[in-house]
Amino acid sequence: MSPMLGTVTQILGLILAALLSGAIFDAMPWTISVALMGYLIWQLYQAHRFSKWLESSEPAQTPANERNDIWNHIYRQVYQIRRRSQRRKQRLSDLLERYETSAAALPDGVVALRSDHSIGWFNRAAGEWLGLGQRDLGQRIDNLVRYPAFIRYLQAERYDEQLKLVLPGRGDLVLSMQIIPYGGDQYLLVARDISQIHRMEVMRRDFVANASHELRTPLTVFAGYLETLIERFQDHPSLGPALIQMQRQTSRMRQLIQDLLQISRLETLEPGQRDNPVNVPMLLERILSETRSLSNGAHTIDSDEIDTGLWLVGNEQDLYSAFANLLSNAVQYTPSGGRVTASWQRVNGGCQFAVSDTGIGIPSQHISRLTERFYRVDPGRSSSVGGTGLGLSIVKHVLRLHQASLSIESVPGEGSRFICRFPENRTLSHKQDAVRTSDTGE
Ligand code: ADP
């Protein structure tokens with residue numbers, strides 16, 4: 001029997017009993033009224049009992065009995081819903097506990113941040129490294145972790161980038177940090193201890209810098225004596241060519257050492273350390289004139305697309321190295337009669353410097369590796385044009401310091417295009433330049 005039918009049968013039974021007793025005692029209106037009143041009171045009592053049962057935090061066994069009425073049915077339904085939700089809650093809290101225990105044991109630091117960058121949760125490693133305690137839950141992380149580089153990183157919202165943070169006074173702890181957005185407007189700050197890697201990197205850098213530095217003096221002496229010897233034996237049939245060859249190789253070694261020292265210096269720097277407004281159009285004028293001398297009339301060197309009102313916030317010396325390297329490569333890897341074009345203009349989201357040539361081009365499988373040190377597509381050709389294999393590596397480091405990116409497009413046999421894209425916050429229009437320049441007292 002369905003619960004509804006059970007309830008209807010109960011009501012019908014009650015009415016029948018009221019009618020019968022009314023007929024027996026000849027007080028029909030009274031018996032019916034008493035029956036209805038009794039039924040109403042019973043229903044109210046059931047409703048009260050139900051509400052009390054709902055209020056209890058634990059879904060205790062249903063207080064209902066074996067009756068098959070609508071109340072019993074409601075109790076059973078609600079009881080099942082409550083049991084299901086309790087089981088789900090238990091599963092979720094087990095899951096959360098497991099997640100928190102495993103995340104707490106991670107060697108990496110993890111901080112869960114809310115949309116306003118307030119701290120929702122953090123694990124043991126993050127607490128230790130960043131000096132966070134339980135009292136800091138709910139506080140904004142930028143009020144607690146006050147390193148300027150960290151605050152800049154948080155504000156920049158460039159979440160695909162990582163931040164390398166050296167924590168002074170914490171045993172030279174070096175962290176690599178990244179913010180990962182999740183669930184719409186929440187963030188996970190993940191920190192990794194890279195002190196060991198950093199120490200090794202510094203050692204490697206110092207070694208290269210020291211070795212290059214030490215080699216510089218003997219090479220200078222060597223080059224000096226070679227010059228004297230060449231003056232004396234230039235016309236000697238066997239000694240002359242050998243000495244000239246030695247001089248060429250010595251000057252290559254000097255260039256190599258100079259490039260290695262430059263890379264070592266660039267590696268130690270961080271973006272924004274030595275920035276000033278740079279008059280890029282003027283800088284390009286100088287580089288283009290040097291490129292024309294290098295080409296010695298063998299190429300057409302174009303500079304039509306130069307925005308003369310566009311400056312850049314950066315380091316002039318470094319930008320000179322990068323742009324000059326790209327232009328000299330274009331000349332060196334373009335046969336005589338070819339064309340080299342430089343452009344400097346605004347683009348969506350910033351500005352770009354591009355060098356195109358109609359040279360030998362680069363097969364696509366080499367493109368992603370070109371900025372590696374000493375990577376050459378054709379080592380023989382690179383050496384014959386006097387290349388050290390470090391030019392594009394210098395370009396990559398300079399662009400890193402300017403938060404810029406390098407993209408390379410090339411078709412073998414047709415030519416190449418190297419594009420350096422700078423972000424909007426580094427571009428300056430001519431008017432701003434004047435203000436900024438006078439601000440810095442230049
Ligand atoms: P290198 O001193 O050998 O020129 P770079 O780091 O400047 O070293 O360049 C790395 C390699 O990339 C070069 O050896 C050359 O094979 C290739 N390359 C660079 N620029 C060009 C270009 N404009 N056209 C063709 N190949 C290029």
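The legends below go with close-up views of a predicted model and its ligand.

**View A. Welcome to the residues around the ligand.** A shell of 19 residues surrounds the ligand, and those that come nearest are Asn329, Tyr333, Ser382, Gly389 and Leu392. Sorted by class, this shell holds nine nonpolar, eight polar and two charged residues.

**View B. Polar contacts to ligand oxygen atoms.** Here you can look at Asn329, where a polar side-chain atom sits 2.8 Å from an oxygen atom of the ligand. Gly389 takes part through its backbone, with a polar atom 2.8 Å from a ligand oxygen. Leu392 also uses its backbone: an N or O atom there lies 2.8 Å from an oxygen atom of the ligand.

**View C. How the protein covers the ligand.** On its own the ligand would expose 530 Å², and the protein buries 97% of that area. The ligand takes up the space of the second largest pocket. Three elements each give two or more residues to the shell around the ligand: helix α10 (316-332), helix α13 (391-401) and strand β12 (415-423).

**View D. Thr334, in the loop after α10.** Follow the chain into the loop between α10 and β9 (339-347), and you will find Thr334. Is Thr334 buried or exposed? Thr334 counts as buried because its relative accessibility is 3%, and the cut-off for buried is under 20%. The side chain of Thr334 also reaches the backbone oxygen of Ala330, at 2.5 Å.

Methods
Residues are numbered from 1 along each chain as its sequence is written. This is a predicted model: local features need pLDDT of at least 70, side-chain atom pairs count only at pLDDT 80 or more; totals for chains, interfaces and linings use all residues. Side-chain values use heavy atoms; hydrogens and water are left out. A residue is near a molecule or strand if one of its heavy atoms lies within 4 Å of it. A polar contact is a pair of N or O atoms within 3.5 Å; within protein, one must be able to donate a hydrogen and the other to accept it, and residues adjacent in sequence count only if both atoms are side-chain atoms. Accessible areas come from the Shrake-Rupley method with a 1.4 Å probe; for residues, only the protein chains shown count as cover. On a 1 Å grid over the protein atoms alone, a cavity is a set of points where a 1.4 Å probe fits but cannot get out, and a pocket is an open set with protein on both sides within 12 Å along at least five of seven lines; lining residues have an atom within 4 Å of a point. A molecule sits in a cavity or pocket if more than half of its atoms lie within 2 Å of its grid points. Helices (H or I, at least four residues) and strands (E, at least two) are DSSP runs, numbered from the N terminus. Ala, Val, Leu, Ile, Met, Phe, Trp, Tyr, Cys and Pro count as nonpolar, Asp, Glu, Lys and Arg as charged, and the others, Gly among them, as polar. Buried means under 20% relative accessible area, exposed over 50%, partly exposed in between (1.4 Å probe, protein chains only).
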